[in-house]
Number of protein chains: 2
Amino acid sequence: MNIVTDPFTIQANYFKALAHPARLQILAILRQGEACVCHLEAILQRRQAYISQQLMVLKEAGLLAERKEGLFVFYSLADPRLGIILDSSLPDVPLPAAPMNGCACPTCVRDG
Amino acid sequence: MNIVTDPFTIQANYFKALAHPARLQILAILRQGEACVCHLEAILQRRQAYISQQLMVLKEAGLLAERKEGLFVFYSLADPRLGIILDSSLPDVPLPAAPMNGCACPTCVRDG
DNA sequence: TCACTATATTCATAACTCTGAATATAATGT
DNA sequence: ACATTATATTCAGAGTTATGAATATAGTGA
């Protein structure tokens, strides 16, 4: 595993991180504000390990910031510029944020 | 092979087309203006079949426009918005357009 | 310390994508 | 019609990525 210096390869790796429906859905959710893993788990209806795996891919690509609060880890977008890319990449199709049900994280419990 | 309607999957397919160094290099060249296959072949130093394959991927993703002129097919960017995405995705690294040598297409012959 | 909960990692296999070689098509001139 | 040139397509094997199951870690409270 060599260090990549070719700018086209670096850029390609960046897009690779974006080239996955579940990861794009996660990013769409995070654009609305930070969220913990359990939150994403409830929205995406996928098992926790799966969510964590996708978060790791996004994190390694440098797309996410994280904040710990007790047991919870809250993820958010590292760079708002990402919003420009996400908007520009799908001119005509709106990206609905899927509805939530049943998350026990502090935010959800407080907000009902 | 079903028709995809999920917006996240559509968007992911879009990024998949971008997630490849050779294709990004092609796009970087096309941002400077249309180019024929032989032109790209000379710049990328890859075999013609390879260039055509990558062009087909970009075309299927809806990124390219084409124009026929005799035996030559000139490709160009379908949507200038793509420039925004390409610029935003690599804030700090300049993308050099590789130097050319030896292309026999009408444009190159005319311009010397 | 122990039990509990939220999140992370590892691993094996399935699924997919890339690549190169060969070949096909399509436009042009003779 | 034939030859030539520019571009497109097909296909198989190599290589990469995704997925689910199992397990590990880390923070919290008793």
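Helix α4(A) provides the largest share of the surface near DNA strand C, with five residues. A residue is near a strand if one of its heavy atoms lies within 4 Å of it, and helices (H or I, at least four residues) and strands (E, at least two) are DSSP runs numbered from the N terminus. This is a predicted model in which local features need pLDDT of at least 70 and side-chain atom pairs count only at pLDDT 80 or more, while totals for chains, interfaces and linings use all residues. Residues are numbered from 1 along each chain as its sequence is written, chains are lettered from A and ligands numbered from 1 in the order in which they are written, and side-chain values use heavy atoms, with hydrogens and water left out.

**DNA strand C**

- Of the 23 residues around DNA strand C, those that come nearest are C38(A), Q48(A), Y75(A), H20(B) and Q53(B).
- At least two residues of the surface near DNA strand C come from each of α3 (37-44), α4 (48-60) and β3 (72-77) of chain A, and from α4 (48-60) of chain B.
- The residues of this surface divide into 12 nonpolar, seven polar and four charged; Ala, Val, Leu, Ile, Met, Phe, Trp, Tyr, Cys and Pro count as nonpolar, Asp, Glu, Lys and Arg as charged, and the others, Gly among them, as polar.
- Sugar or phosphate accounts for 56% of the atoms of DNA strand C within 4 Å of the protein, and bases for the rest.
- A polar side-chain atom of H20(B) is 2.6 Å from a phosphate oxygen of DNA strand C, and a side-chain N or O atom of R23(B) lies 3.2 Å from a phosphate oxygen of the strand.
- R47(B) is placed at a base: a side-chain N or O atom of this residue lies 3.4 Å from a base nitrogen of DNA strand C.

**DNA strand D**

- DNA strand D is surrounded by 23 residues, of which the closest are H20(A), Q53(A), G70(A), Q48(B) and Y75(B).
- Of the atoms of DNA strand D within 4 Å of the protein, 55% are sugar or phosphate atoms and the rest belong to bases.
- Backbone N or O atoms lie by phosphate oxygens of DNA strand D at two residues: V37(B), at 3.4 Å, and C38(B), at 2.9 Å.
- Q48(B) has a polar side-chain atom 2.8 Å from a base nitrogen of DNA strand D.
- Two or more residues of the surface near DNA strand D come from each of α4 of chain A and α3 (37-44), α4 and β3 (72-77) of chain B.
- The largest share of that surface is the five residues from α4(B).
- By class, the surface near DNA strand D has 12 nonpolar, seven polar and four charged residues.

**Aromatic pairs**

- Over all chains there are five aromatic pairs; rings of Phe, Tyr and Trp (its six-membered ring) pair if their centres lie within 6.5 Å, and planes under 30 degrees apart count as stacked, over 60 as edge-to-face and the rest as tilted.
- Y14(A) and F15(A) are an edge-to-face pair because their ring centres are 5.8 Å apart and their planes lie at 80 degrees.
- F15(A) and F15(B) have ring centres 5.9 Å apart and planes at 20 degrees, so this pair is stacked.
- The stacked pair crosses between chains, from F15(A) in helix α1 (residues 7-18) of chain A to F15(B) in helix α1 of chain B.
- Y14(A), F15(A), Y14(B) and F15(B) make up one aromatic cluster.

**Buried residues**

- Both F15(A) and F15(B) are buried, where buried means under 20% relative accessible area, exposed over 50% and partly exposed in between (1.4 Å probe, protein chains only).
- The relative accessible area of F15(A) is 0%, and Y14(A) counts as buried at 16%.
- Helix α2 (residues 21-30) of chain A is largely enclosed by the rest of the structure, because nine of its 10 residues are buried.
- The buried residues of α2(A) include R23(A), Q25(A) and L30(A).
- Q54(B) lies in helix α4 of chain B and is buried, with a relative accessible area of 8%.
- The side chains of Q54(B) and R23(B) are joined by a polar contact of 2.7 Å; a polar contact is a pair of N or O atoms within 3.5 Å, and within protein one must be able to donate a hydrogen and the other to accept it, while residues adjacent in sequence count only if both atoms are side-chain atoms.
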